[in-house]
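Open the model in a viewer and keep the selection tool at hand. The stops below are meant to be taken in order.

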Amino acid sequence: AMESNVKCIWGYLLLQVGLLGAAGASQLTFSNGTHVCEISTERFADEQEQCAAIGNSSSVFAIDVSMDSLLWADFDSGMVFQGSAVGARDTKTVSEVKTYGILYDGQFGSLFMTDAEKHRVTMTELSTGKTSVLAFSGVEEPRGITLHKRLGYVFWTQWGQYPAVERVTTAGTNRATIVGTDIILPTG
């Protein structure tokens, strides 16, 4: 078992999570602000991080990794890209949106995003390019996003005058505020 000296600030719980890379190795994929980086979780001390220069990216803000794809958003350019691995040359633009949060469902080929310019939460089918708006009314500054596949809920955080954690179904129905009081800048 791999030992970890990662510590959490008060109020957070550290979970052991194994991320599978393309070769089945355990990888940690993250953004250093301008690049997407990857490092083996099995050999932290022995290995330098591998950072991929992604075009003229200046602000890689959101990334998501699935079994066969890596997606990342460059906030400054307003582009979301997809590739097969860090440093891969087979990248393509899959959306033009300024976003702080993306989530890719590789099983169904759906990309969920918080749209910072149009103040909405969307789902795009990457095979067809069809985008569905899941929430827009009262969405001020949407940030992080996640999906509960079994229940069919999309959760997002938002800043602005009324910061909150909200949810809506993948069909865009049953929207509800989960946390709307005693919260300042929810991120996730």
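The tour begins with confidence, then goes through strands, cores and salt bridges.

**Confidence.** Colour the chain by pLDDT before anything else, since this is a predicted model. The chain average is 76, and 69% of the residues reach at least 70. Now select residues 1-24, where pLDDT stays under 50. The model has 16 contacts beyond four places in sequence for this segment. Where pLDDT is low, the predicted coordinates should not be read in detail.

**Strand 5 and its partners.** Select residues 70-74, which make up strand 5. Five of its five residues are buried. Leu70, Trp72 and Asp74 lie on one side, with Leu71 and Ala73 on the other. In a regular strand the side chains alternate between the two faces of the sheet.

Add strand 4, residues 60-65, which pairs with strand 5 in the antiparallel sense over five bridges. Valine 60 is the residue opposite aspartate 74 here. Then add strand 6, residues 79-83, also antiparallel to strand 5 and also joined to strand 5 over five bridges. On this side aspartate 74 faces methionine 79. Between strand 5 and strand 6 the hairpin has four residues, and glycine 78 in this hairpin has a positive phi near 70 degrees.

**Leucine 103.** Move to leucine 103 in strand 8. Its relative accessible area is 15%, under the 20% cut-off, so leucine 103 counts as buried. Measure from its C-alpha to that of tryptophan 72: the two residues are 31 apart in sequence and 9.5 Å apart in space. Beyond its neighbours within four places in sequence, leucine 103 has contacts that include Asp64, Phe112, Ile145 and Leu147.

**The cores.** Which residues form the largest nonpolar core? Select Leu103, Phe112, Val121, Met123, Leu134, Ala135, Val139, Ile145, Leu147, Val154, Trp156 and Val168, twelve residues in total. Strand 10 (120-125), strand 11 (131-135), strand 12 and strand 13 each supply at least two residues of this core. Another core of ten residues lies apart from it, with Ala62, Val80, Leu111 and Met113 among them.

Within the larger set, pick valine 139. Setting aside neighbours within four places in sequence, valine 139 contacts His119, Arg120, Trp156, Gln158 and Arg175.

**Salt bridges.** How many salt bridges does a search of the whole structure find? The search finds three. Side chains of opposite charge can pair when their charged atoms come close.

- Select aspartate 105 and lysine 149, whose closest N and O atoms are 3.1 Å apart. Aspartate 105 is in strand 8 (residues 99-105), and lysine 149 is in the loop between strand 12 (141-148) and strand 13 (153-159), 44 residues apart. Aspartate 105 is buried at 7% relative accessibility, whereas lysine 149 is partly exposed at 44%.
- Select arginine 120 and aspartate 115, which form a salt bridge at 3.2 Å, N to O. Both residues are buried.
- Select glutamate 166 and arginine 175, with 2.7 Å from N to O in their salt bridge. Is each partner buried or partly exposed? Glutamate 166 is buried, because its relative accessibility is 5%, and arginine 175 is partly exposed, with 32%.

How values were computed: Residues numbered from 1 in each chain as written. Predicted model: local features only at pLDDT ≥ 70, side-chain atom pairs only at ≥ 80, totals over all residues. Heavy atoms only, no water. Salt bridge = Lys/Arg side-chain N within 4 Å of Asp/Glu carboxyl O. Buried < 20%, exposed > 50% of the residue type's maximum accessible area, 1.4 Å probe, protein only. pLDDT = per-residue confidence, 0-100. Contact = heavy atoms within 4.5 Å. Core = buried A, V, L, I, M, F, W, Y, C linked by side-chain atoms within 4.5 Å. Pairing = 2+ DSSP bridges.
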